[in-house]
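Biologist: Please take one part of this structure, the largest cavity, and go through it closely. I would also like to know how the strands around the chain are arranged.

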Amino acid sequence: MKTFSHRPNDRGFYGEFGGAYIPELLHNNVEELKVAFETICHEATFNQAYTDLLKQFVGRPTPLYFAPQLSKKHHTNIFLKREDLCHTGAHKINNTIGQALLAKRMGKTTIVAETGAGQHGVATATVCALMNLNCIVFMGEKDIERQAPNVARMKLLGAEVLPASSGSKTLKDATNEALRFWINHPETYYLIGSVVGPHPYPAMVAHFQAVISEEIKVQLQAQTGNSQPTAILACVGGGSNAAGAFYHYFEAENVRLIAVEAAGEGLHSGKSAATSLLGTPGILHGSFSLVMQTNDGQVVEPHSISAGLDYHGIGPLHAHAIQSKRAETIAITDEEALEAVKTCSRLEGIIPALESAHALAALNQLNFKPEDVVVVNLSGRGDKDMNTYMNHFDL
Amino acid sequence: MKPFQFNHKAVGIFLTAFYPSKERFVDLLLDLQQQAIDFIEIGIPYSDPIADGPVIQATSEVALANGFSVSELFDLLDELQDQLQKPTVLMGYGNQVIQFGMEAFLQRCEKANIQALIFPDLPLEMLEHHIATTTHKSKVPFVHLVTPNTADERIAHIAKACTNSFVYLVGNAQTTGGSYALEAQLERYAAIKTLCGNVPVFLGFGIDSREKKALAHSVTDGVIIGSAYLQAVKNGKEQHFLASI
C-alpha cells in the first residue's frame, strides 16, 4: 500500500478530491491567499506570533486527560484531548488565530466568515476583537433564531451578524452568502472555519489545527512512553477538529483514524448528516468532495441535532482518507450522542459539546483490548448546548 | 460560420429554465425566437448558485420548487429543437454536470443542438481536469468568464479556449444583477476586447437599460441581459422591457 499523504498536490487535490472550483471573479482572491499561505505561514516570525497567542490567549497546550471511569467502562485506556478547554470553548479558535494573523500580514482590515451554530462565528469575532479587525459574520436566518446566545456573544465582541435569507437559511446558505460577499468585496479576508472550500483553505485550516495532534504526540509519549495510540476518534462535520487530531498520524499507518459522523435520526431516515456514507462525489463551496445531493445534483439539507455536524459536505482530505481506507467511519444518531453526553458528564465530570459527544458515543461500537490506547478528541464543551440538554433530560 | 460571430453588435437574453413555470418558460423561449435578439442563454436552476445575485437566485428557487430536473430540460429542448432558430447556450454549475456525468451531459447537449456551455464555477483549469476523463470528445464549446481584474496574460489564455464560443466579460467583479457605472471601466473593456483578438467578447452582469447596452456595445461585441429581463418577467412586463432595450 502506498503511504497516505495528507498534503494536496499543487492544484489542491487530495487524490480525486479538492481543487478550486471558483468563479473567475474569485481567481485573484484565491491566488493571493495561496501565495500568502505558502510564504507567510512558514516564516519563523509568523509561527512565533501564532504559537505565543495559542499559549497566552487560547490556553494551549490543552491537557491530554486519562479518563479513568470511561476507561473502566470500556475496558481499555481512554485519553481525552481537552479542546473544550480552549478559550471560547472549542478547537475552532486555533484556526481563527492563524488566519487572522495571516489576514493582518496581508494588510486586510475586514474579515468575513460564515457560521452555523455560531461557534466559528464567535471564534472569529473574538480574534477580530483581539487584533482590531472589522468582522462580518453571515449566519442563516433560522440559525440566528435558534442560537440567540451566540449571536449576542458575537455582537458583544463587536461583530456585525448578517442574516442569510436565501435557500434553506442555514449554514450552507451562510457559506454561499459569505462567498458572494467575498466576490463583491475582494478587499476583505474570507475566514473559513472548516477544512472545506477551495484550495488552499482545506490545507490551511488543517495546518492551523495540526497543533492538536502535535500536542497529542508529545503528551502520549510522556504519559505512556509511546507517541502512537491504537486509535484516534474525532467527530466530522466539515472535519476541522478531526483534521487536526489526525494530522500527524496520517502517515503512521498502525494508528486507526476513526471519523465519527452524525447519523441524525438514523442513517436511512432521510434526516441524517453522514456525508461520507450517504454522499456522492460533487462540488460544494469551491471544492470537489463528497456531497449529500439528489440524483439531479441539487444539494439536500442535512440533519443532525448537533449544529456543528449539520453539514452536507465533508472536507476533501477526509473524503480522500475515507475513500482510500486510511480512515474509518462510524455514524452516531442524535439519541446515542445525547446518551454519551450524560455518560461523560456523570463519569468524568466533563459536559461535552453535542459534536464531541458523537465521538464519545462511537466507543460503544468499538472493541478495544485492555492494553490499547484510545484518544478521543473532545472538540468542544457543552455550555452552548445546555438548552438542548435541559429539554432532552428534563433538567 | 461560427455561431457567435455576428455582423452587428449582439444581444443575448438569459432566462432561468422552468421559471416562472415550465409552460411559461416554453412561451418565453419561443417568444424570444421572434425578438430582435441574437442568442439565448438558459440558466439551469441550482440550489447553491454562488455567482448569482438575488434576482436569479429567486428564479432558481421557484424553478426547483416547480420540480425542475436536468433531464427534463434536455427532453424539452429536444422536443422544441425545430422551433429554436437562435443559438442556445446553457449556463449551470459544475456539480450538475458532474452528477449527470460529464460525457452524458455533453452528448445530450450535442443532441439538443446547444451551441455553448457556461459553468462559472468550472474555471479553465478544473474543466480541463474533468474533460480529461471523457473519451467522447465533444464539439460543444465552453465559454469562460473574465473580469476587469483578470490579468492580461490570463485573458489571452482564456480567449484561446473560447475560440469557438465567446468570452463572457463580467462588467464588474460582482455577483449577477448588481449596479455599477460602466463608464468607469470602458477603457479596460476595450483593452480586454483587444486582448481577445477575433474571439467575440460579450459583456454581462448588470445590463438593464438601452443606455448601458449602447455603452457596452461601444467597446465590445455584445451584451447579455439576465436579471433585468427576469425581473420584467416576474412583473409580467417582458414585452415592454424587450421593446425598451
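Modeller: Start with the four-stranded sheet, since one of its strands returns when we reach the cavity. This is a predicted model, and in it two bridges join strand S5 of chain A, residues 110-115, to strand S8 of chain A. The two strands run parallel. One residue pair can be picked out by eye: Val112(A) has Tyr190(A), in S8(A), as its bridge partner.

S5 and S8 belong to an open sheet of four strands in chain A, with the order S7-S6-S5-S8 and parallel pairing. At its edges are strand S7 (160-164) and strand S8 (189-190) of chain A, each of which pairs on one side only. As a general point, the strands of a sheet pair through backbone hydrogen bonds, either parallel or antiparallel.

Now to the cavity. The model has seven cavities of 30 Å³ or more, and the largest holds about 490 Å³ of space. Its lining is made up of 35 residues. Those nearest the centre of the largest cavity are Lys92(A), His120(A), Gly193(A), Ser194(A) and Gly308(A).

Strand S5 comes back here: S5, helix H5 (119-131), helix H8 (171-184) and helix H11 (240-246) of chain A each supply at least two residues of the lining. By residue type, the lining of the largest cavity divides into twelve nonpolar, 18 polar and five charged residues.

Where does the largest cavity lie with respect to domain 1 and domain 2 of chain A? Domain 1 covers 23-53 + 92-205, and domain 2 covers 59-90 + 210-393. Both domains give residues to the lining, so the largest cavity lies between them.

Chain A also has a second sheet to set beside the first. This open sheet has six strands in the order S3-S4-S14-S9-S10-S13, and its pairing is mixed. Its edge strands are strand S3 (64-66) and strand S13 (327-333) of chain A, each pairing on one side only. Neighbouring strands of this sheet are turned by 25° against each other on average, direction ignored. At the S3 end, S3(A) and strand S4 of chain A, residues 77-82, pair in the antiparallel sense over three bridges. Within that pairing, Tyr65(A) stands opposite Leu80(A) in S4(A).

Last, the predictor's own scores. The complex is given an ipTM of 0.93 and a pTM of 0.95. For chain B, the mean pLDDT is 95, and 100% of its residues reach 70 or more.

Conventions:
Residues numbered from 1 in each chain as written. Chains lettered and ligands numbered in written order. Predicted model: local features only at pLDDT ≥ 70, side-chain atom pairs only at ≥ 80, totals over all residues. Heavy atoms only, no water. Pairing = 2+ DSSP bridges. 1 Å grid on protein atoms, 1.4 Å probe; cavity = no way out; pocket = protein on both sides within 12 Å on 5 of 7 lines; lining within 4 Å. Points joined across faces, edges and corners; volume = space filled by probe spheres on them. Nonpolar A, V, L, I, M, F, W, Y, C, P; charged D, E, K, R; others polar. Domains from an automatic or database assignment. pLDDT = per-residue confidence, 0-100. Axes fitted to C-alpha atoms, helices over the stretch in contact; angles between N-to-C directions.
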